[in-house]
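User: I am new to this structure. Please take a close look at one part, the largest pocket, and at the aromatic rings.

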Amino acid sequence: MNGYGSSDDHQPVTWLRGQPIYAVHLLVLGFVGSMILTTILRFAGGGQVLDSLIFLSTPVLGGEVWRVLTYGLVNDPSLWFVIRMLMLVWFGRELERFFGRMVFLRFYAGLYLFMPLMFTLMGLWRPTLLAGESGGFALFVAFATLYPNVAMIFNILAKWAAAILVGIYTLMALSSRDWVQLASLWVAVGYGYAFVRYEQGHFRLPNFRPAGRSKPKGSFSPDLRPKKAVTVKSAGGNSMVEIDAVLDKIAQSGIGSLTAQERAKLDAAREDLRRKSGRS
């Protein structure tokens, strides 16, 4: 339960046959639908339609700015597409559970838009191309930043797996002198790492608001009246019946099925037991 919020923003969007459905699952469903549509258009000879959707720096600089938004809709069927979708589900789901739905969607929207904008700037130097969903590796870097000591395949810690992959991809780009690939790799790595560290509160963005223009928080007349303390009902007495019901629900449907109120009751019971054990 450590690190998982109890608000509605951390809960699944819906449930399907007892399985939680998060926003990341809906994203994957949309990309799979775009892959099917891409296949149909390729088969029907609609390659020109797809060519007008992918990102190309030269047309974008010429005014075809819609390509910045539509490049992710052109997904040809391949094994790499399956791997990217698996990475999006596995790592995106953990990020959404930890930070909440809105923070995760803000992270992914920034990643989706940041890459073509960077490629547009690089297009001033040399033409660049971008097509299909390409944020899976940045999601893995963000996951490894959030959970660095989680064991991955062959019991390799997530932080070392991320370092190894970044090193291999860097050497591959250097050996082929693919500076565009090298830049996109390190931008994705930096974005995934920086976003997680920012949300964890390890650094803040600079504040460009002019000094003296706004009053500091709390500058208005303070209310010095004593406020009533918010107390949480102890887990003893009649509330044990509610805790038993929550535990039964976890046993039947898993901890992900709990509502925000039920999680709050469970947290209160855990703190109460911790205080009692500390006294003894």
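Analyst: The pocket comes first, then the ring pairs. Note that this is a predicted model.

The largest pocket has a volume of about 1300 Å³. Its lining counts 38 residues. Trp-80, Arg-84, Met-87, Phe-137 and Tyr-169 lie nearest the centre of the pocket. Several elements each supply at least two lining residues, among them helix H5 (79-99), helix H7 (136-146) and helix H8 (158-175). Strand E4 (129-130) is another of these elements. H5 gives the largest share, 7 residues. By type, the lining divides into 28 nonpolar, 7 polar and 3 charged residues.

Now the rings. The whole structure holds 14 aromatic pairs. In one of them, the centres of the Phe-91 and Phe-140 rings are 5.1 Å apart and the planes meet at 50°, so this pair is tilted. Phe-91 belongs to helix H5 and Phe-140 to helix H7, so the pair ties together parts 49 residues apart in sequence. Phe-91 and Phe-140 are both buried.

Phe-137 and Tyr-169 make an edge-to-face pair, with 5.4 Å from centre to centre and 75° between the planes. This pair also links distant parts of the chain: Phe-137 sits in helix H7 and Tyr-169 in helix H8, 32 residues apart. Phe-137 has 16% relative accessibility, so Phe-137 counts as buried. Tyr-169 is partly exposed, at 33%.

Both pairs belong to a wider group. Ring pairs link Phe-91, Phe-98, Phe-99, Phe-137, Phe-140, Phe-143, Tyr-147 and Tyr-169 into a cluster.

Note on methods
Residues numbered from 1 in each chain as written. Predicted model: local features only at pLDDT ≥ 70, side-chain atom pairs only at ≥ 80, totals over all residues. Heavy atoms only, no water. 1 Å grid on protein atoms, 1.4 Å probe; cavity = no way out; pocket = protein on both sides within 12 Å on 5 of 7 lines; lining within 4 Å. Points joined across faces, edges and corners; volume = space filled by probe spheres on them. Helix = DSSP H or I, 4+ residues; strand = E, 2+ residues; numbered from the N terminus. Nonpolar A, V, L, I, M, F, W, Y, C, P; charged D, E, K, R; others polar. Phe/Tyr/Trp six-rings, centres within 6.5 Å; stacked < 30°, edge-to-face > 60°. Buried < 20%, exposed > 50% of the residue type's maximum accessible area, 1.4 Å probe, protein only.
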